[in-house]
Amino acid sequence: MTSKTWLVTGGAGFIGGNFVLRQIARGDAQIVNLDALTYAGNLDTLSRIENHPDHHFVLGSIGDRSLLDYLLDRYQPDAIVNFAAESHVDRSIDSPEAFVQTNVLGTFHLLEASRHYWRALPQERAEKFRFLHVSTDEVYGSLGPTGKFTETTPYQPNSPYSASKAGSDHLVRAYFHTYGLPTLTTNCSNNYGPYQFPEKLIPLMIQNALAGKPLPVYGQGANIRDWLYVEDHCRAIERVLEGGTPGEVYNVGGNNEKTNLDVVHTLCDLLDELLPESPHKPHRQLISFVTDRPGHDLRYAIDAGKIRRELGWEPEETFETGLRKTVTWYLDNRGWAQRVMDGSYRGERLGLEGDAI
């Protein structure tokens, strides 16, 4: 029998879905999974735990205060893990309002519901309760050729997406300092792995390469990111929930700085190896450079020393081992990706192949 209950928001998305699948496999937590199933929410990801007694999926938004109050009262969670967010920079440039609504106002409503719920808990349970907010390194802005983001780096968001996440981070901090709500915040680097929506760099390149379509890379592909395998990220969140100090921020990075072009080159070479009969070999010939997006940050890099020193976490995967696992998963699960690409996972066509990274 499970010993605790967690309310996970955004648990049908990429990172949230991987986190939920991992917790159900571990078997020591009941998961109440609240997701609005916007375009990036995918119930196919959760199909293998659809009828699991410890997984309770709820269709709804973190902006729905009455629903939040009902779920908190009914399930009495020991912790809330907030993955719910609009997260794609290009979409935030085209349609910023949705990012403000979900990332800022949605987080506010979730904090308010959590605060009232937490205050009504018996003292022993209130002392153990945690609100963990999952955020991004993009709130820190852009780095030059040297240095790394730490937990004390000033915020300098450069896109509507990162600005909305910065706003949510500040709200979480304020609820700890003003009300004492036992919050925790994690700021992670670029995640990759199974079940990622194919508008992001790695899954998009895989799908286009399989179809022999151009691999669109912004500018000259010189933008640098720190890559974190999603399973390593999930383990970090577990450690922060179990041992993190309320009110603290923990940066989570993979210590894998790569230019976008290096990532695509490595990916193409892996596909050449794993698909020796592909008519599109060598896959590097599919690379196409396209006009850079507005305000494209040059470099992100995470200093994850704090979570390593205080909580004993460090990534288990190198970029090479994690990418091989990721490519293999997509090759073995083409049906999952195809249902996203053709829109059948939600009954409409999305036409993702035209997006660039």
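Q: What makes β1 and β4 a pair, and in which sense do they run?
A: Strands count as paired if DSSP finds at least two bridges between them. β1 and β4 are joined by four bridges in the parallel sense, so they meet that definition. Strands here are DSSP runs of E with at least two residues, helices are runs of H or I with at least four, and both are numbered from the N terminus. Within this pair, Val8 stands opposite Val81 in β4.

Q: What should I keep in mind about the model and its numbering?
A: Happily, it is quickly said: this is a predicted model, in which local features need pLDDT of at least 70 and side-chain atom pairs count only at pLDDT 80 or more, while totals for chains, interfaces and linings use all residues. Residues are numbered from 1 along each chain as its sequence is written, and side-chain values use heavy atoms, with hydrogens and water left out.

Q: Which strands are called edge strands, and what makes them so?
A: The open sheet has seven strands in the order β3-β2-β1-β4-β5-β6-β10, with parallel pairing. β3 (55–59) and β10 (249–252) each pair on one side only, and these are the edge strands. The partner of β3 is β2 (residues 29–35), with five parallel bridges between them; in one of these, Ile31 has His55 as its bridge partner.

Q: How do you know that both faces of β4 are covered?
A: Buried means under 20% relative accessible area, exposed means over 50%, and partly exposed lies in between (1.4 Å probe, protein chains only). Ala79 and Val81 on one side of β4 are buried, as are Ile80 and Asn82 on the other. In a regular strand the side chains alternate between the two faces of the sheet.

Q: Why is Thr9 called buried, and what does it touch?
A: Thr9 has 0% relative accessibility, so it counts as buried. Thr9 is found in strand β1. Contact means heavy atoms within 4.5 Å, and by that test Thr9 touches Leu34, Ile62, Val81, Asn82, Phe83, Ala84 and Leu110, not counting residues up to four places away in sequence.

Q: Why is α1 described as largely enclosed?
A: Because 11 of the 13 residues of α1 are buried, the helix is largely enclosed by the rest of the structure. Those buried residues, including Phe14, Phe19 and Arg22, pack against β1, β2, β3, β4, β7 (190–192) and α8.

Q: How do you know that the length of α1 fits a helix?
A: The expected span is 1.5 Å times one less than the number of residues. For the 13 residues of α1 (residues 14–26) that gives 18 Å, and the end C-alpha atoms are 19 Å apart, which agrees.

Q: What makes a nonpolar core, and which residues touch the most other members of the largest one?
A: A nonpolar core is a set of buried Ala, Val, Leu, Ile, Met, Phe, Trp, Tyr and Cys residues joined through side-chain atoms within 4.5 Å. The largest has 74 residues, and Phe19, Val81 and Ile307 touch the most other members. Helix α9 (residues 260–274) gives the largest share, seven residues.

Q: Why does Cys188 form no disulfide?
A: A disulfide needs two cysteine sulfur atoms within 2.5 Å. The closest cysteine sulfur to that of Cys188 is in Cys234, 10 Å away, so the two are too far apart for a bond. The structure holds zero disulfides.
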